[in-house]
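I opened this entry to record the strand layout and the helix packing. I take the sheet before the helices.

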Amino acid sequence: MMNNILLVARREIRQILAMKSFWLTLLILPVALALGPILGESLDDNEPTRVVVVDRSGGAAAAALEARFAEDDDRDVLRSLSRYVQRYELESADPAAPWTQHDRWYTAADIDAFRASGGVEAALKSIDAVRPEGVSEFEPDAREYAFLPVPDELIGQDGEAFADAAQTLFDSDAEDAPEVIVRVGENYPADPRIGLYSANQPRSSFVTALQETLTGDLRTRLLAERGISGAEAAAIQAAAPAIEVTTPPPGDGAREALLVRSIVPLALAYILMMSLMLSGSWMLQGSVEERSNKLLESLLACIRPEELMYGKLLGGLSVGLLMIAVWAGCAGIAAYATQGVIADMIRPALEPVSSPGIILAILYFFIAGYILISAIFVAIGAMVDSMSEAQGYLMPVLLAILLPITFLLQAILAGKEGLLVQVLTWVPLWTPFAVLARLGMGIETWVLVGTGILLAAAIALELVFLGRLFRASLLASGQKLSIKRLIERFSAQKQ
């Protein structure tokens, strides 16, 4: 019996490996991993938004706007640099520097000290002196906004003429054409209206910063008009509480840690789903071709139907594991060859699946899930005579499997273990996906054992009933399938 099963499995493997679609599918992930970083860099828009401020009130408003956005940019650099230093424990580079202080909201005084010490260039020189080998360099984000001189086309224009000139600049193909234009009238602040012209919908953060800055500038001027000196008015406007911010180190936040720990488990569940759909469709296509070519009659003259079914399952499982091994190897090479944040995520991402017990559980649920679903595809292939007929059975089966899995993965990503997740964990059809996906969140040992036993019992029953269906369907070639005949085939006993 075993020799016949192995012969069928080898034939099934050769048949699938001969398909061009198999090799195309097998190469999709490696090609995607190779092209991903290149496409990411090419598609990443690091160009700052070009802004022009036409200030006809004397220039103070324009200077205040430029100072505000420069301060926001430096604060973002400080925050990113601080997280980088905290992640790699590089505080010894300069213990007194603002970027080694992680428990605060960076104030204007912190930013002034950062600038006075030489900014990010000086900070990186200090960090390089203590940065261990293998730690990636800090790369500051590009500034969000770049302020340009006022174009000649806008000088002397007012009203509709100004709006038309602004639109002409927006429509031009020049690389230095502005994308946002702010107009401050010559009667400001007596006339506090500000004109904002944009080539696209302006960001809400830009409008908020614009409003806050000009509101502060307007109030400072009004206070000065009432006898308060400019310095005192500015000090009143700048008064703000010193906020101490306490956050976990990078990667240690509850939400962030959950997402990192769930990367590999969710990937396992997704890969199981994808490989099942692909190898299942190939097995189904092979079964239909064998049936239409009258090859099954020759096979059944030499082997029993059960041996044919088990051989097809073993062949499909072998192909699926081959695909997964190739994909996992390519993903591992890409991950370890990558530096920076992705490389830093590898260790905590592998932590939930690094113990021997969990590795055995992964292998068990992976193989069990493969057998459970593949048997359904093999049974469908035995019942139909053409691919068009097979599609009628395949689509409802795929929807029944995929839709709950989609909701399951979304719930896991949201960090929820509600009723849906609990139910899917104990329903054998979705047990492999639910257990694999929940490994990152932590799953109790008794749940692993209980669902494993239940899954094994379900597979045993499935192989009995689908084996009857498979045998009866092969022997009833050419008969139109009906509900009555389907029930008869399920209940058919071995002759």
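Sheet. I began with strand order in this predicted model. Four strands form an open sheet in the order β2-β1-β3-β4, and the pairing is mixed. I then looked up the edges: β2 (145-148) and β4 (194-198) each pair on one side only. For the twist, I noted that neighbouring strands are turned by 25° against each other on average, with direction ignored.

Pairing of β3. Which way do β1 and β3 run relative to one another, parallel or antiparallel? They run parallel, and five bridges join them. I picked out one position here: valine 51 stands opposite valine 180 in β3. On the β4 side, β3 (residues 180-184) is also joined by five bridges, but these two strands run antiparallel. I checked isoleucine 181 and found tyrosine 197 in β4 as its bridge partner.

Burial of β3. How many residues of β3 are buried? I count five of the five, so the strand is largely enclosed by the rest of the structure. I sorted the side chains by direction as well. Val180, Val182 and Val184 point one way from β3, while Ile181 and Arg183 point the other way. I note that Arg183 is buried along with the others.

Helices on the sheet. I looked next at what covers the strands. Helix α6 (residues 159-171) lies across β1 (49-55), β3 and β4, and runs at about 160° to β3. Helix α7 (residues 204-225) also packs on the sheet, where it touches β1, β2, β3 and β4. I recorded about 160° between the direction of α7 and that of β4.

Helix α3 against α7. I turned last to this helix pair. Helix α3 (residues 60-88) packs with α7 at an angle of about 130°, and the axes are 10 Å apart. An angle of about 130° falls outside the ranges for roughly parallel, antiparallel or perpendicular, so α3 counts as oblique to α7. I logged the crossing of α3 and α7 as right-handed.

Which residues meet at this contact? From α3 I listed Ala60, Ala61, Ala64, Leu65, Arg68, Phe69 and Asp72. From α7 I listed Phe206, Ala209, Leu210, Glu212, Thr213, Leu214, Asp217 and Arg221. I then sorted the contact of α3 with α7 by class: nine residues are nonpolar, one is polar and five are charged.

Methods. Residues are numbered from 1 along each chain as its sequence is written. This is a predicted model: local features need pLDDT of at least 70, side-chain atom pairs count only at pLDDT 80 or more; totals for chains, interfaces and linings use all residues. Side-chain values use heavy atoms; hydrogens and water are left out. Two strands pair if DSSP finds at least two bridges between them. Axes are lines fitted to C-alpha atoms, for helices over the stretch in contact, and angles run from 0 to 180 degrees between N-to-C directions. Contact means heavy atoms within 4.5 Å. Buried means under 20% relative accessible area, exposed over 50%, partly exposed in between (1.4 Å probe, protein chains only). Angles under 35 degrees count as roughly parallel, over 145 as roughly antiparallel, 65 to 115 as roughly perpendicular and the rest as oblique. A crossing is left-handed if the near helix is turned anticlockwise from the far one by less than a right angle, and right-handed if clockwise. Ala, Val, Leu, Ile, Met, Phe, Trp, Tyr, Cys and Pro count as nonpolar, Asp, Glu, Lys and Arg as charged, and the others, Gly among them, as polar.
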